[in-house]
Amino acid sequence: MGRMIEFIFTRVYLAMLATGIFWALTFCGGILFGFGPASATIMSLYAEHGSDYKQYAWSEAWSLYKENFRRGNQVFYTFFLIEAILLYGMYLMVQLPHLSLFQIFILLVNLIFLLVAPLTFAVYLKLQVHFDLSYLNSLKLSFIGAFLDIRAVTKFLLGTFLLGVVTRFVPALFFFVLLGLWHFFVNDIFQPVYETIRSKVVS
C-alpha cells in the first residue's frame with residue numbers, strides 16, 4: 001500500500017513538474033511559438049530521465065528547447081494549418097442546403113484527417129527524441145508511424161479523449177497536471193512504433 005501511494009505521489013508530482021516546465025517554455029516562446037518546442041522538450045526530458053524527477057533541470061530543459069525551437073514550430077504549425085484548413089472546409093460544406101453523397105464522403109474524409117493530424121504530431125513527438133530528421137522526413141516518418149500499430153492508435157485516441165473529458169469537468173487539472181501526463185502517455189504508448197521503425201532503420 002505504501003509503495004502504491006509513493007508511486008501515485010511521484011507520478012502526480014512529476015506530471016506537475018513537467019507541466020510547469022512546459023508552460024514556462026511556452027511563455028518563453030511568446031505562447032504562439034512555444035507549444036511545439038515545449039512539447040518536444042518535455043518528451044526528451046521524460047525519455048532521458050523517466051520518473052526520476054530530481055534529474056529534471058531547467059538548464060537542460062532550456063538547452064533542449066533552443067535545439068527544438070525551429071523544427072518544433074515547423075512541424076507543429078504544419079499540422080495546425082492542416083487542421084485549420086480542414087475545419088474551415090467542413091464549415092463551408094455544412095452551410096450548403098443539400099449535400100450530395102460525394103460531399104458527405106468528402107466530409108467523412110476530412111473528419112478522418114482531423115484525427116490523423118494530431119495523431120501524426122504525437123508520433124512525431126515520440127520519434128524526434130530518437131531520430132535527427134529533416135523537416136520533410138519528420139513529416140513522412142511520423143505519418144507512416146501513425147499507421148504501424150493499431151493498438152497504439154486506439155490507446156492514443158481513447159486516452160486523449162478521456163483526458164479531454166476530465167479537462168471538461170476539472171479544467172484546472174489540464175493546466176497543472178494533465179499536460180505533463182499526456183506527454184508521458186504519448187511516450188509510453190508509441191514505444192512499439194519507435195521500436196518498429198528502429199528495427200527497419202537498423203536492418
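These questions and answers deal with a predicted model of one protein chain.

Q: What makes F161 count as exposed rather than buried?
A: The relative accessibility of F161 is 53%. Exposed means over 50% and buried means under 20%, so F161, at 53%, counts as exposed. This residue lies in helix α6.

Q: What makes up the nonpolar surface patch?
A: F161, L162, V165, V166, F169, V170 and L173 form the patch, which covers about 630 Å². A residue needs over 30% relative accessible area to be part of a patch, and F161 has 53%. Helix α6 (residues 150-169) gives the largest share of the patch, 5 residues.

Q: How do you know that the protein chain is as compact as a globular protein of its length?
A: The protein chain has 8 helices and 0 strands. Its radius of gyration is 18 Å, and the globule rule gives 17 Å for 203 residues. The two values are close, so the chain is as compact as a globular protein of that length. Along its principal axes, the C-alpha trace spans about 60 × 45 × 35 Å.

Q: How many of the residues count as buried?
A: Buried means under 20% relative accessible area. Of the 203 residues in the protein chain, 40% count as buried.

Q: Which helix has the lowest mean pLDDT, and which the highest?
A: Among the elements of the chain, helix α8 (residues 191-202) has the lowest mean, 88, and helix α2 (residues 35-49) the highest, 96. For the protein chain, the mean pLDDT is 92, and 98% of the residues reach 70 or more.

Terms used
Residues numbered from 1 in each chain as written. Predicted model: local features only at pLDDT ≥ 70, side-chain atom pairs only at ≥ 80, totals over all residues. Heavy atoms only, no water. pLDDT = per-residue confidence, 0-100. Helix = DSSP H or I, 4+ residues; strand = E, 2+ residues; numbered from the N terminus. Patch = residues over 30% accessible without salt bridge, like charges linked within 9 Å, V, L, I, M, F, W, Y side chains within 5 Å. Areas by Shrake-Rupley, 256 points an atom, 1.4 Å probe, with all protein chains shown as cover. Salt bridge = Lys/Arg side-chain N within 4 Å of Asp/Glu carboxyl O. Buried < 20%, exposed > 50% of the residue type's maximum accessible area, 1.4 Å probe, protein only. Rg over C-alpha atoms; globule rule 2.2 N^0.38 Å.
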